[in-house]
Amino acid sequence: MRLELRTSLLLTLALFAADPAQPAASTSLGSTDALRCYQESMFPFSNQGIDFCNNAISHGDLTRRDLAATYSNRGIIHAKNGKFEKALEDHDRAVRLKPDMPQVHINRGNALYHTHEYEHALTEFDKAIATDAGLLPTSLFNKALTLIKLHRIQEARSALETALEADPESRRIKGILDGFDSLGEPS
Amino acid sequence: MPSEPPPTPRGLPNLTRILTTTESLLPNRVSLADMLDTEKMQLEIMPPVKDLAPLFVVQPTYPFAAVMKEIEGYVLVQFTVRQNGTVANAIILDSEPRSIFDDAALGAIRKFKFLPREVGGDPMTVAAVQLRFAFTLEPAYAP
């Protein structure tokens with residue numbers, strides 16, 4: 001029961017964090033290593049978050065979902081520090097633990113994107129798209145960037161258009177899509 | 001993002017002095033200043049001040065050629081926010097790489113609308129406001 005509660009708290013924090021208008025919820029939730037690992041993965045300017053992730057993982061009291069999330073978050077920190085091999089190891093673990101979480105596929109796809117394995121990255125983003133509509137704009141945006149790398153421009157444009165339909169307020173998606181539109185129909 | 005601090009608001013009339021004047025009309029009574037003990041009161045009544053805040057934001061168009069060549073960079077723009085919140089006199093202060101993103105940044109900032117800076121309820125024109133646009137093609141993580 002306690003573990004279930006912790007899971008819901010982590011997810012609540014994620015929802016708050018996704019909305020910049022909401023204040024950080026960390027003070028009311030208290031601080032756990034998994035939570036700190038999550039927080040550090042949002043702004044991974046250094047390696048310091050790794051210790052929190054390591055502690056959370058080694059304690060062995062996380063739910064399967066939180067363990068997958070913690071591996072995935074540690075992978076983000078590794079990737080942001082240029083350690084893509086370690087990042088991929090963590091993302092692999094996360095995917096094995098909880099393949100039905102779109103986050104683990106998005107983050108694994110990003111690591112593959114950065115190691116120039118674009119086809120594999122696409123596969124991950126497609127899995128995220130198939131898993132959950134909640135993160136559709138992010139998955140499609142990342143897919144579009146990957147398709148651009150592969151010079152599959154029409155598909156990239158289509159992915160961006162669908163992403164914008166899912167999140168009409170996204171200025172980032174619109175900014176890139178406008179660049180496409182300024183050229184007319186791409187070849 | 002504003003580059004200069006908001007101007008010091010003008011103070012209200014000196015309340016203590018007004019009360020002292022009233023006191024002189026009532027020579028046999030305890031002065032109002034004494035009654036209210038205004039000399040000891042830390043009166044910090046300020047006119048309402050509002051600072052610049054973006055009301056309408058436009059994402060610059062990412063030039064298609066830059067996307068295809070995977071070029072990333074930034075543009076630092078400087079502009080004036082008029083009393084009605086619109087933008088004027090936008091110029092490029094710095095950009096990297098040179099000129100690739102300049103037009104996109106200028107095109108965007110000219111469409112911005114700000115809540116104007118107000119002092120005492122009066123909107124002000126604010127010059128030399130600076131904003132930095134970052135152009136990145138980083139895929140988004142999902143922590």
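This report walks through helix packing and the nonpolar core in a predicted model, then turns to chain B.

**The core**

A good place to start is the largest nonpolar core, which holds 59 residues. The members that touch the most others are A144(A), A159(A), L160(A) and A163(A) from chain A, joined by A105(B) and I109(B) from chain B. Helix α9 of chain A, residues 136–149, supplies the largest share of this core, with 6 residues. Another core, of 6 residues, lies apart from it, and its members include A69(A), Y71(A), A94(A) and V104(A).

A144(A) deserves a second look. Leaving out residues up to four places away in sequence, A144(A) touches A156(A), A159(A), L160(A) and A163(A).

**Helix α9 of chain A**

α9(A) has 14 residues. From first C-alpha to last, this helix reaches 20 Å, close to the 20 Å expected at 1.5 Å a residue. How many of the residues of α9(A) are buried? The count is 12 of the 14, so α9(A) is largely enclosed by the rest of the structure. The buried residues are P137(A), T138(A), S139(A), L140(A), F141(A), N142(A), K143(A), A144(A), L145(A), T146(A), L147(A) and I148(A). You will find polar names such as N142(A) and K143(A) on that list, alongside L140(A) and F141(A).

The partners come from both chains. From chain A, the buried residues of α9(A) pack against α7 (102–114), α8 (118–131), α10 (153–166) and α11 (171–181). From chain B, they pack against α3 (64–68). After α9(A) comes H151(A), whose phi is positive, near 60°.

Within this helix, S139(A) makes a handy close-up. S139(A) has 31 C-beta neighbours inside 10 Å; a residue is buried at 20 or more, so S139(A) counts as buried. Beyond four places in sequence, S139(A) touches P102(A), I106(A), F125(A), A128(A) and I129(A). One of these partners, I106(A), is 33 residues from S139(A) in sequence, yet their C-alpha atoms are 6.3 Å apart in space.

**Two helix pairs**

Two packed helices are described by the angle between their axes and the distance between the axes. Here are two pairs from chain A.

| Helix pair | Angle | Axis distance |
|---|---|---|
| α8(A) and α9(A) | about 160° | 9 Å |
| α5(A) and α7(A) | about 25° | 10 Å |

How do the directions of these pairs compare? α8(A) and α9(A) are roughly antiparallel, because their angle of about 160° is over 145 degrees. The crossing of α8(A) and α9(A) is left-handed. On the α8(A) side, the contact is made by Y118(A), A121(A), L122(A), F125(A), A128(A) and I129(A). On the α9(A) side, the contributors are L136(A), S139(A), L140(A), N142(A), K143(A), T146(A) and K149(A).

For the other pair, α5(A) covers residues 64–80. With an angle of about 25°, which is under 35 degrees, α5(A) is roughly parallel to α7(A). The crossing of α5(A) and α7(A) is left-handed. α5(A) brings A68(A), A69(A), S72(A), G75(A), I76(A) and A79(A) to the contact. They meet Q103(A), V104(A), N107(A), N110(A), A111(A) and H114(A) of α7(A).

**Helix α11 of chain A**

α11(A) is mostly covered, with 8 of its 11 residues buried. These are I173(A), K174(A), G175(A), I176(A), L177(A), D178(A), G179(A) and F180(A). Their cover includes α9 and α10 of chain A, together with α3 of chain B.

**Chain B**

Chain B has 4 helices and 8 strands. Along the sequence they follow the pattern α-α-β-β-α-β-β-α-β-β-β-β. Of its 143 residues, 20% count as buried. Among contacts in chain B between residues at least 6 apart in sequence, 71% join residues at least 24 apart.

P54(B) lies in strand β2, residues 53–56 of chain B. Is P54(B) buried or partly exposed? P54(B) has 14 C-beta neighbours inside 10 Å and therefore counts as partly exposed. Leaving aside neighbours within four places in sequence, P54(B) is in contact with F112(B) and F114(B). P54(B) and G85(B) are 31 residues apart in sequence, and 8.7 Å apart in space from C-alpha to C-alpha.

Notes. Residues numbered from 1 in each chain as written. Chains lettered and ligands numbered in written order. Predicted model: local features only at pLDDT ≥ 70, side-chain atom pairs only at ≥ 80, totals over all residues. Core = buried A, V, L, I, M, F, W, Y, C linked by C-beta atoms within 7 Å. Helix = DSSP H or I, 4+ residues; strand = E, 2+ residues; numbered from the N terminus. Contact = placed C-beta atoms within 7 Å. Expected span 1.5 Å × (residues − 1). Axes fitted to C-alpha atoms, helices over the stretch in contact; angles between N-to-C directions. Parallel < 35°, antiparallel > 145°, perpendicular 65-115°, else oblique. Left-handed = near helix turned anticlockwise from the far one by under 90°.
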